[in-house]
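Please read the following note beside the coordinates. The points cover salt bridges, enclosed spaces and a few places on the surface.

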Amino acid sequence: MTYSENIARLQPSATVAVSTLAKKLSAEGRDIINLSAGEPDFRTPEGISQAGIEGIREGRTRYTPAPGLPELRAAAAAYMTAGTAFPSEAARVVVSAGAKQSLFNACFCLFGPGDEVLIGAPYWTSYPEMVTLARAEPVPVAGSEGRDFLLTPDDLEGAATARTKGLIISSPSNPTGAVYTKAELGAMAEWAKARGVTLISDEIYQEIYYGEGDRAPGALDLDPDAAGDLVVTNGMSKAFAMTGWRVGFSYTSRELAARMSALQSHVSLNAATPSQVAALEGLTRGEEGARDRDRMLAAFRRRRGLVTRLFDELLPGCSYVRPEGAFYLYFRVDGVFNGEMKSASDVCTRILEEAGVAIVPGEAFGDARYARMSTASSDEDIEQGVRRMARVLRGG
């Protein structure tokens, strides 16, 4: 059998692969602590789950319009533009089967053969693959390690060519947890506009933020006239603990939203209708919903304090990016490289084999010196996991 050139360079998701292996080993009876997956360990809030159940009981199980239920598109527009100068227009929103599909829709509609797309590095593992599937060329660009890898216009200018058509960033970042300020986002948006480059900002972790305010600064906080061509993606998975419901959404111009909707109509049509009903409840729960998210954020904040304290105490030689958002710790492991362990992948394999702890090697994010662990697990698993890792890393 021969395969299409469309998938010639496609690689499976490294983060999913590690999590799947960890679950397999656990099912086989191994004592495994899985700190690999980017998935909150909380149950979906009961009110949201009940809304989905009631939707099924009421017969809301048929197709919806390709871009989503009109009322959900309106609610998502209001959610994403709250407190900003951007218009809260449902026509600018496309609801998809997870924010991952929202990002893919944007890449497939915007880029093609001959195009280059700058990607802030370290990057979420799927960004380069999405660009490749669009037959464009991903170009990783890393900011200074001293600035937690956050990009500047100078970094972008040094990597751009006449073929550069897009820029993909995430804030708060997966894998680092670093967060751009509004001024930093504005500087990149101005650079992109001047260059005729579309900025794609993945803000799925926006409400999991440890700074001041209810959420991290986002691209929609900018002046619409200064922002240029823009796609912002978000969704229900992280802050609402709805990973398996698969509901994401994008906000962009009406014209691009219409094209993304047309693409989606041929690829998947609509996100699952009961999931959309549940998502609508999640976005319109008011104070009750805010309390649920505050409760989860308090736990994530406590766990960030726990994991950084443990690293400072047990692994002072493993420097890390102090996360200002999301729920990860991105840390260096190259200090233990030797004749047998020459990359982060080797180190993570050793940690899984000898300590029973699953973490993701930095190759998945474009840097083989680092590894990423999730703090979206219980305090007990985080503490036990770090203590187990320390025994391997200190002995490396």
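**Notes on the model**

1. A search of the whole structure finds 28 salt bridges. The model is a predicted one, and the distances and areas below are computed from it. The next points take up some of these contacts, then the cavities, the pocket and the surface.

2. One of the salt bridges pairs the side chains of Arg303 and Asp41, with an N to O distance of 2.9 Å. Arg303 belongs to helix α11 (residues 287-314), while Asp41 sits in the loop between β1 (33-34) and α2 (46-57), so the contact ties together parts that are 262 residues apart in sequence. Are the two partners buried or exposed? Arg303 counts as buried because its relative accessibility is 4%, and the cut-off for buried is under 20%. Asp41, with a relative accessible area of 38%, is partly exposed.

3. Arg285 takes part in a salt bridge with Glu281, at 3.8 Å from N to O. Arg285 also forms a salt bridge with Glu288, where the closest N and O atoms are 2.8 Å apart. The relative accessible area of Arg285 is 11%, so this residue is buried. Glu281 is partly exposed at 29%, and Glu288 is partly exposed at 43%.

4. A separate item concerns a network. Glu145, Arg332, Asp334, Asp367 and Arg369 are joined into one network by salt bridges that share partners.

5. How many cavities of 30 Å³ or more does the structure hold? There are two. The largest cavity contains about 130 Å³ of space. Its lining is made up of 18 residues, and those nearest the centre are Gly120, Pro122, Ser170, Ser173 and Tyr180. Two elements, β3 (116-121) and β5 (164-170), give two or more residues to this lining. Of the elements, β5 gives the most, with three residues. Sorted by class, the lining of the largest cavity has twelve nonpolar, five polar and one charged residues.

6. The second largest cavity holds about 40 Å³ of space. Its lining consists of Pro45, Ile48, Ala239, Phe240, Arg285, Gly289, Asp292, Arg293 and Met296. Helix α11 supplies the largest share of this lining, four residues. By class, the second largest cavity is lined by five nonpolar, one polar and three charged residues. Arg285 thus appears again: this residue lines the second largest cavity, is buried, and forms salt bridges with Glu281 and with Glu288. Helix α11 also recurs, since Arg303 of the salt bridge with Asp41 lies in that helix.

7. Turning to the open spaces, the largest pocket has about 580 Å³ of space. It is lined by 28 residues, and the closest to its centre are Val16, Gly38, Lys100, Trp124 and Lys238. Which elements each supply at least two residues of this lining? They are α1 (14-27) and α4 (99-110). The largest contribution, five residues, comes from α1. By class, the lining of the largest pocket has ten nonpolar, eleven polar and seven charged residues.

8. On the surface, Met1, Tyr3, Ile7 and Leu10 make a nonpolar patch of about 500 Å². Met1 is found in the segment before α1. The relative accessibility of Met1 is 86%, so this residue counts as exposed, the cut-off being over 50%.

9. Finally, Leu110 lies in helix α4, an element that also supplies residues to the lining of the largest pocket. With 27% relative accessibility, Leu110 counts as partly exposed. The C-alpha atoms of Leu110 and Val131 are separated by 9.7 Å, and the two residues are 21 residues apart along the chain.

Key:
Residues are numbered from 1 along each chain as its sequence is written. This is a predicted model: local features need pLDDT of at least 70, side-chain atom pairs count only at pLDDT 80 or more; totals for chains, interfaces and linings use all residues. Side-chain values use heavy atoms; hydrogens and water are left out. On a 1 Å grid over the protein atoms alone, a cavity is a set of points where a 1.4 Å probe fits but cannot get out, and a pocket is an open set with protein on both sides within 12 Å along at least five of seven lines; lining residues have an atom within 4 Å of a point. Grid points are joined across faces, edges and corners, and a volume is the space filled by probe spheres set on the points. Ala, Val, Leu, Ile, Met, Phe, Trp, Tyr, Cys and Pro count as nonpolar, Asp, Glu, Lys and Arg as charged, and the others, Gly among them, as polar. Patches are made of residues with over 30% relative accessible area and no salt bridge: like charges are joined within 9 Å, nonpolar side chains (Val, Leu, Ile, Met, Phe, Trp, Tyr) within 5 Å. Accessible areas come from the Shrake-Rupley method with a 1.4 Å probe; for residues, only the protein chains shown count as cover. A salt bridge is a side-chain nitrogen of Lys or Arg within 4 Å of a carboxyl oxygen of Asp or Glu. Buried means under 20% relative accessible area, exposed over 50%, partly exposed in between (1.4 Å probe, protein chains only).
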